[in-house]
Amino acid sequence: MKRVALLVVLAAMTLQTARMSALVPEQVRVDTGLLQGVTGTVQPTVRIFKGIPFAAPPLAENRWRAPQPAAKWDGVRKADAFGPSCIANGGAGGRGRGGAPGRGGAPGAAAPAAAAPAPQATAPAAAPAQPPRQPPANEDCLTLNVWTSAKGDNDRRPVMLWIYGGGFTGGSGGMQWYDGEDLAAKGPVIVTFNYRLGAFGFFSHPELAKEAGHSGSGNYGMMDAVAALRWIQKNIRAFGGDPNNVTIAGESAGAIMVGAIVGSPQAKGLFHRAISQSGAWMGLQMGRMTAGEQAQGAGAKALETAGIKSIAELRAKPLADLPQLPGSGLVIDGYMIPEDLSITFANGKQNDVDVLAGSNKDENTFFGGGGRGGGRGAPAGAAPAVPALEAYTSRARTQYGDLADTFLKLYRATTEADVTAMQALAQNDEINWNMRQFAAAQSKKGRKGYAYFFTRVPLRNGQPQANGASHTAEISYMFNHAYSNGALEWNDVDRKLADAMSSYWVNFMTKGDPNGPGLPAWPQYKDMSKDRVIVLGDSVQVETTAPAEKLAFFNGRYVQLMKTPVATN
């Protein structure tokens, strides 16, 4: 019996060794040098390479410049640790602000405080302190990470570049929420990266525009994303990836950047498909983009207020001495974003790529009922002296003009208590419209479009979470691992949904079509007036009917909005 048991153990070890030997080598050469990766702990069939520089540190003269080439190194660079997340703002004693490493919650939000341990008669021996998933946030942050289950550099696996959310002021590619190990085990090569945030990523100023040689400035965080795509084109073959089959994907601010990259001439040819989760080029809701002149004017005023006479003087300041600077998102810079992207998409000038896009049923609960990322939702209440119902009606007539009666019919409030519910419903429906119109726009261009609606409410402490299928709720399911903010509990329904969603996503990355064996059929999305989305919830099924009347209202509202000039001052 002992001999049989020993043979079983030896066979298992041999099988494990064979599996690991089938992976890409632990040492991989990229254009800047030799990297040493690590083997996955949850998925031993996955090799991981962390903290790879894809651009030079954006410090000193490289602050507020397009990403510069990364330096080469001699010998073997260990790729076993994530790089630091990016900082959003300087000043404040040099602390800056960035994503919370390895945490969930709002992407880039501070981690919740740990609960106090229960009292014990005898305290147990302290466990060895675990190193943080990422080092503290830093200006020197332009690194990326690769997960691959390829067997060698000839595999040509599909590639996904994930762009994290966080309102362009937080988050990072090293967060545990976005760990690619479980998704890579299904076949694709997963890449996450860091892009510059806040004032470091999106500050605009006339002097910066002049030195750049084009009409605008800002969008440095978006330039970082394009630099990561260029890195993939040069190096992903070494990890078994196919540079001719690249998908960009993101959620929230990351999805907004996905929309911008789809519309940007600077990204042409660098990717082939796009996945946009709860966000598009306008944001979550419809809105006009910020003009470059307006952003540069705000930047010039900030330096004047701080008594700083030039960009050179600003760059020379250490992090702790930097003033608070404006810079909270994408602007029309005439280069990365030549014009309001709604005009680009209306004229069919965006990149020819397939798109998968969708939203969650209760997006608004994440923001306390308020919106984020452009546009306005349902009319908000006015001053407390005005009854909520009266303010709701008045605001609708001011905001929607000749569409107000349609709005008030679709989102009918007859009591004060109805107002909050109708505001939330209208906001969620507008986000839903925005994602559907992204998929429809690509179909109109002759590409494939697919749209989804996520309705599953995750469980916490044995109960459905109070904020429902909120903004960010779908992320853990598409990455196929139960990690989120706090104690996320999965039962068989969750595990089945995660397996289905991650398979849909992998299929789309592979061939531009999410459908595959064993999965409910997902129809293409072309016509907003009649086509239906797939509902990803307690079960997976196509919606019964399209909300045609509501979609028609938001189409009309969008036409109204596009007649409004973009503010330039």
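Before selecting anything, take in the whole protein chain: among contacts between residues at least 6 apart in sequence, 77% join residues at least 24 apart. What you have open is a predicted model, and its protein chain holds 15 helices and 19 strands. Of the 569 residues of the chain, 55% count as buried, while the area that the chain exposes comes to about 23800 Å², with carbon and sulfur atoms supplying 54% of it.

**The nonpolar core**

Select W231, F239, I261, W505 and L536, which are the residues that touch the most other members of the largest nonpolar core, a set of 151 residues. Then add helix α5, residues 220-235, since the largest share of this core, 10 residues, comes from that helix. In soluble globular proteins, nonpolar side chains tend to be buried together.

Now centre the view on F239 and display what surrounds it. Leaving aside neighbours within four places in sequence, F239 is in contact with V24, V28, V30, L35, F49, I52, V146, T148, A150, V189 and W231.

**The sheet β1-β2-β5**

Keep V30 selected and extend the selection to β1 (27-30), β2 (residues 33-36) and β5 (76-78). These three strands form an open sheet in the order β1-β2-β5, and the pairing within the sheet is mixed. Because β1 and β5 stand at the edges with a single partner strand each, one side of each is left without a neighbour in the sheet. From one strand to the next the twist averages 35°. Looking at β1 and β2 alone, you will find them paired in the antiparallel sense over four bridges, with V30 standing opposite G33 in β2.

**Strand β14 and its partners**

Move next to strand β14, residues 449-454, where six of the six residues are buried. Which residues point one way from β14, and which the other? G449, A451 and F453 are on one side, Y450, Y452 and F454 point the other way, and all of them are buried.

Add strand β13, residues 354-360, which runs parallel to β14 and is joined to β14 by six bridges; to find the register, look for A357, which stands opposite A451. Then add strand β18, residues 534-536, which pairs with β14 in the parallel sense over three bridges. Here the bridge partner of F454 is L536, and L536 is also one of the core residues selected earlier as touching the most other members.

**Two packed helices**

Select helix α10 (residues 388-400) together with helix α12 (residues 416-444), and orient the view so that both axes can be followed. The two helices pack at an angle of about 45°, with their axes 8 Å apart, and α10 and α12 are therefore oblique to each other. To see where they meet, show the side chains of A388, L389 and Y392 in α10 along with E416, V419, M422 and Q423 in α12.

**A last stop: the sheet β16-β15-β17**

Finish at an open sheet of three strands in the order β16-β15-β17, with antiparallel pairing. Its edge strands are β16 (463-464) and β17 (488-489), each of which pairs on one side only. Strand β15, residues 459-460, pairs with β17 in the antiparallel sense over two bridges, and selecting R460 will lead you to L488, its bridge partner in β17.

Note on methods:
Residues are numbered from 1 along each chain as its sequence is written. This is a predicted model: local features need pLDDT of at least 70, side-chain atom pairs count only at pLDDT 80 or more; totals for chains, interfaces and linings use all residues. Side-chain values use heavy atoms; hydrogens and water are left out. Buried means under 20% relative accessible area, exposed over 50%, partly exposed in between (1.4 Å probe, protein chains only). Contact means heavy atoms within 4.5 Å. Accessible areas come from the Shrake-Rupley method with a 1.4 Å probe; for residues, only the protein chains shown count as cover. Two strands pair if DSSP finds at least two bridges between them. A nonpolar core is a set of buried Ala, Val, Leu, Ile, Met, Phe, Trp, Tyr and Cys residues joined through side-chain atoms within 4.5 Å. Axes are lines fitted to C-alpha atoms, for helices over the stretch in contact, and angles run from 0 to 180 degrees between N-to-C directions. Angles under 35 degrees count as roughly parallel, over 145 as roughly antiparallel, 65 to 115 as roughly perpendicular and the rest as oblique.
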